[in-house]
Amino acid sequence: MAFAPALPHGSLTKVIDGIHVIRGTFRMGLGLRIGRTMTVVGGADGLTVINSVRLTPEGERELEQLGPVRHVIKLSDAHGIDDPYYVDRYKAKLWALEGARLPVGLEATPLGPDTPLDGAVVLDYPGIAGGRECGLWLPAGGGTLVTCDALQNHDGNEQFASWFGKVMTPILGFKGGVIVAPMWRKIRKVSGESLRAALAPLGGHAFANLVTAHGPPVVGGADKIAREAIERAASE
């Protein structure tokens, strides 16, 4: 199987005890690269990678210093280009929502009541273009929410974006810190009460920290910031 190549990325950064991120790159088209973020969570049997980003050999060595990679969690049908690499490279178990779209040849353990992380809660909500998507709530650090596309953070997401990406993303509405992604809203055709209802699962748990698939983590007061972003989007 041919795997997507490793693209430029940063170093492991600690969010809170047991949770790290790596900021990397996604190539959307010719000259258009945007930032993306992988979350790494330590567990009893090793590491769980969420919103995977393939790393360079140097990056892999840094990751492996934290422990063995045992699990990969796919939160959204819109992400997962590097999941096959992690499954092959580390013989990791892939987890995804029931009915999620998977790369050819891959199987996944259903993500729901069962997860590879103690105390984790799956928050299921609609994905882009009819696909599946969810957030993952973790008890660590006063509650930490890991999301993919619906809820993003564009405060400082220019890192690793191309010049064209830095120009285009604000024009497309990807700006202003924590936001409900404009593309998600448009494709799902949600606004007002329908948007609030779609993202209602995110309001069921308090979380001090937010880590999304795009942008830097938010540490402290994240649930209030997320609620304000949802309300702001619903009111537009």
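Q: What makes the sheet with the order β8-β9-β10-β13-β14 an open one with edges?
A: In this predicted model, 5 strands form an open sheet in the order β8-β9-β10-β13-β14, and their pairing is mixed. The edges are held by β8 (121-126) and β14 (218-219), each of which has a single partner strand, so one side of each is left without a neighbour in the sheet.

Q: How do you know that strand β9 and strand β10 pair, and in which sense?
A: Two strands count as a pair if at least two bridges are found between them. Strand β9 (residues 132-138) and strand β10 (residues 144-146) have 3 bridges, and they run in the antiparallel sense. Within this part of the sheet, tryptophan 137 stands opposite leucine 145 in β10.

Q: Why is α2 called largely enclosed?
A: A residue is buried when its relative accessible area is under 20%. In α2, that description fits Asp83, Pro84, Tyr85, Tyr86, Val87 and Tyr90. This makes 6 of the 8 residues of α2, so the helix is largely enclosed by the rest of the structure. Just after α2 comes lysine 91, which takes a positive phi of about 55°.

Q: How do α1 and α2 pack, and which residues make the contact?
A: Helix α1 (residues 57-64) and helix α2 (residues 83-90) pack at an angle of about 65°, their axes being 14 Å apart, and the crossing is right-handed. Contact requires heavy atoms within 4.5 Å, and here it is made by Glu60, Leu63 and Glu64 of α1 together with Tyr85, Tyr86, Arg89 and Tyr90 of α2.

Q: What makes the residues of this contact nonpolar, polar or charged?
A: Leu and Tyr count as nonpolar, while Glu and Arg count as charged. On that basis the residues of the contact of α1 with α2 divide into 4 nonpolar, no polar and 3 charged.

Q: Which residues is lysine 14 in contact with, leaving aside its neighbours within four places in sequence?
A: Lysine 14 lies in strand β1 (residues 13-16), and, with those neighbours left aside, it is in contact with Ile19 and His20. Lysine 14 and proline 217 are 203 residues apart in sequence, yet their C-alpha to C-alpha separation in space is 9.9 Å.

Q: How many of the residues of the protein chain count as buried?
A: With the cut-off again at under 20% relative accessible area, 53% of the 236 residues of the protein chain count as buried. The secondary structure of the chain comes to 6 helices and 14 strands.

Definitions and conventions
Residues are numbered from 1 along each chain as its sequence is written. This is a predicted model: local features need pLDDT of at least 70, side-chain atom pairs count only at pLDDT 80 or more; totals for chains, interfaces and linings use all residues. Side-chain values use heavy atoms; hydrogens and water are left out. Axes are lines fitted to C-alpha atoms, for helices over the stretch in contact, and angles run from 0 to 180 degrees between N-to-C directions. Helices (H or I, at least four residues) and strands (E, at least two) are DSSP runs, numbered from the N terminus. A crossing is left-handed if the near helix is turned anticlockwise from the far one by less than a right angle, and right-handed if clockwise. Buried means under 20% relative accessible area, exposed over 50%, partly exposed in between (1.4 Å probe, protein chains only).
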